[in-house]
Number of protein chains: 2
Amino acid sequence: MDQVRIIEVKQSVFADNDKRAAELRGELKARGIFLLNLMSAPGSGKTTTLTRTVELLKDEMKIGVMEADIDSDVDARTMAAAGVKSIQLHTGGMCHLDADMTRQGLDELVDGDVELAILENVGNLVCPAEFDTGAVKNAAILSVPEGDDKPLKYPLMFQVCDVVLVNKIDVAPYFDFDLDKCREYIKMRNPKAVVIPICAKTGEGVEQWADWLREQVAAWRS
Amino acid sequence: MDQVRIIEVKQSVFADNDKRAAELRGELKARGIFLLNLMSAPGSGKTTTLTRTVELLKDEMKIGVMEADIDSDVDARTMAAAGVKSIQLHTGGMCHLDADMTRQGLDELVDGDVELAILENVGNLVCPAEFDTGAVKNAAILSVPEGDDKPLKYPLMFQVCDVVLVNKIDVAPYFDFDLDKCREYIKMRNPKAVVIPICAKTGEGVEQWADWLREQVAAWRS
């Protein structure tokens with residue numbers, strides 16, 4: 001628990017992020033590494049969701065996790081305790097990760113044996129959506145207490161996501177949250193997005209999410 | 001309700017944001033306008049808090065609200081329904097407001113009779129903290145479902161805030177949220193920050209927040 005590695009990632013000097021992201025994706029394909037970019041607002045439950053995900057998948061595939069934060073190493077410690085290889089990326093105040101920052105993290109994380117690499121992006125519903133990290137798939141978490149109207153206010157995040165996990169579904173009775181309306185707003189932004197309601201705390205719905213991830217990893221590595 | 005004004009604010013071409021923010025603050029002082037910058041993550045309850053605040057203060061002072069969002073006009077409609085002058089600022093994808101964008105909003109909002117102007121910043125715990133908007137005071141909302149560790153992960157937001165409202169305190173029994181720990185983390189970042197637990201939905205604690213605001217406005221305008 002005391003040996004969490006902290007990497008200070010530097011913002012890329014390269015303006016052509018899209019090109020570098022595509023290059024990184026090509027390399028990942030060649031090496032058989034599936035990279036998932038997990039995004040959400042602060043406190044939506046990214047780390048708890050990853051802990052559950054790792055519990056379900058760690059005996060089937062080799063997993064490595066990169067925890068991006070402006071400061072602290074609490075998330076990397078949590079993931080290490082969950083039994084997977086984990087490093088903390090410090091962004092030096094930056095509000096997102098780009099492809100080059102992601103590559104710096106992967107270089108430290110992967111030593112030949114990772115099949116599923118997960119990037120937990122900085123908690124932010126705006127900026128991370130603007131930068132292709134080189135990930136194979138993008139996932140976003142929207143938690144019930146944030147409200148069902150978030151796809152209206154943060155359009156790009158929902159446009160770039162392949163899958164949206166609606167987390168903290170257990171507390172729905174205590175909030176004015178309409179799941180049907182939320183689905184409708186997500187579909188407005190992105191008709192192809194898969195929507196999975198979950199409760200990372202209790203594990204509800206996480207099996208369905210793990211199934212989705214299994215399929216994606218298998219398709220990428222085939 | 002149908003006449004919500006939407007202003008497309010453009011990012012400043014001026015690199016010297018701090019200087020322009022100080023100039024704006026000087027003008028506000030001369031004109032007797034108190035500008036509050038309200039920041040938080042998405043879905044922390046900024047608009048609901050403002051609705052409550054306006055209920056308590058609108059008979060005492062003239063209030064105008066600027067609702068900044070990347071898209072949609074739902075918040076400005078809510079504020080207009082609460083009975084105050086309200087405009088929607090669209091940031092064109094930008095994740096924060098700077099002093100010049102704030103001035104563009106104020107030019108539309110203020111026609112000589114606003115004593116308290118409130119800027120509801122873009123929902124984002126990272127970038128808005130980096131840009132002085134010219135506001136007299138900065139407030140942040142941290143809601144219980146986000147977790148008590150947020151001051152550890154988003155240090156700058158808590159450093160630049162004069163007051164932190166801990167919202168959704170009514171659902172604390174359903175989350176692992178330690179208010180004492182949260183206060184301790186906030187004080188770590190900013191020993192001077194005032195911390196006020198509230199529930200914007202029920203109104204709990206909002207009177208204390210309104211008192212704080214009354215004092216600040218009176219001091220600024222004296």
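**Stop 1: helix 2 and helix 8, chain B**

Select helix 2 and helix 8 of chain B: their crossing is right-handed. This is a predicted model. Helix 2 covers residues 46-57 and helix 8 covers residues 206-221. The two helices pack at an angle of about 65°, and their axes are 10 Å apart. Angles of 65 to 115 degrees count as roughly perpendicular, so helix 2 of chain B is roughly perpendicular to helix 8 of chain B.

Now show the side chains at this contact. From helix 2 of chain B, pick B:Thr49, B:Arg52, B:Thr53, B:Leu56 and B:Leu57. They meet B:Val206, B:Glu207, B:Trp209, B:Ala210, B:Leu213 and B:Arg214 in helix 8 of chain B. Colour the contact by class: six residues are nonpolar, two polar and three charged.

**Stop 2: the sheet of chain B**

Hide the side chains and show the strands of chain B. Eight of them form an open sheet. What is the order of the strands? Reading across the sheet of chain B, the order is 1-4-3-5-2-6-7-8. The pairing is parallel.

Go to the edges next. Strand 1 (5-8) and strand 8 (194-197) of chain B stand there. Each has a single partner strand, so one side of each has no neighbour in the sheet. Neighbouring strands in this sheet are turned by 25° against each other on average, direction ignored.

Zoom in on one pair. Strand 6 (residues 137-143) and strand 7 (residues 163-167) of chain B run in the parallel sense and pair over five bridges. Within this pair, select B:Ala139: B:Val163 of strand 7 stands opposite.

**Stop 3: helices across the sheet of chain B**

Add helix 4 of chain B, residues 99-109. Which strands does helix 4 of chain B lie across? They are strand 1, strand 2 (34-40), strand 3 (63-69), strand 4 (85-90) and strand 5 (116-120) of chain B. Helix 4 runs at about 140° to strand 3 of chain B.

Then add helix 7 of chain B, residues 179-189. Helix 7 lies across strand 6, strand 7 and strand 8 of chain B. Its angle to strand 8 of chain B is about 155°.

**Stop 4: from chain B to chain A**

Bring in chain A. A turn of 180° with a shift of 0.0 Å along the axis lays chain A on chain B, with an RMSD of 0.0 Å. The two copies are thus related as by a two-fold rotation axis. The same surface serves both copies: 100% of the contact residues of chain A recur in chain B.

**Stop 5: the sheet of chain A**

Show the strands of chain A. Here too is an open sheet of eight strands, in the order 1-4-3-5-2-6-7-8 with parallel pairing. Strand 1 (5-8) and strand 8 (194-197) of chain A are the edge strands, each pairing on one side only. From one strand to the next, the twist averages 25°.

Select strand 3 (residues 63-69) and strand 5 (residues 116-120) of chain A. They run parallel, joined by five bridges. Pick A:Gly64: its bridge partner in strand 5 of chain A is A:Ala117.

Now add helix 8 of chain A, residues 206-221. Helix 8 lies across strand 2 (34-40), strand 5, strand 6 (137-143), strand 7 (163-167) and strand 8 of chain A. Against strand 2 of chain A, helix 8 runs at about 145°.

**Stop 6: helix 2 of chain A and two partners**

Keep helix 8 and select helix 2 of chain A, residues 46-57. The pair packs at about 65°, with axes 10 Å apart. Helix 2 and helix 8 of chain A are therefore roughly perpendicular to each other. Their crossing is right-handed. The residues to display in helix 2 of chain A include A:Arg52 and A:Leu56, and those in helix 8 of chain A include A:Trp209 and A:Leu213.

Swap helix 8 for helix 3 of chain A, residues 74-81. The axes of helix 2 and helix 3 of chain A come within 10 Å and cross at roughly 15°. Helix 2 and helix 3 of chain A are therefore roughly parallel. This crossing is right-handed. Display A:Thr47, A:Leu50, A:Thr51 and A:Val54 in helix 2 of chain A, which meet A:Asp75, A:Thr78 and A:Met79 in helix 3 of chain A. By class, this contact has three nonpolar, three polar and one charged residues.

Notes
Residues numbered from 1 in each chain as written. Chains lettered and ligands numbered in written order. Predicted model: local features only at pLDDT ≥ 70, side-chain atom pairs only at ≥ 80, totals over all residues. Heavy atoms only, no water. Pairing = 2+ DSSP bridges. Helix = DSSP H or I, 4+ residues; strand = E, 2+ residues; numbered from the N terminus. Axes fitted to C-alpha atoms, helices over the stretch in contact; angles between N-to-C directions. Contact = heavy atoms within 4.5 Å. Least-squares fit on C-alpha atoms with pLDDT ≥ 70 in both. Parallel < 35°, antiparallel > 145°, perpendicular 65-115°, else oblique. Left-handed = near helix turned anticlockwise from the far one by under 90°. Nonpolar A, V, L, I, M, F, W, Y, C, P; charged D, E, K, R; others polar.
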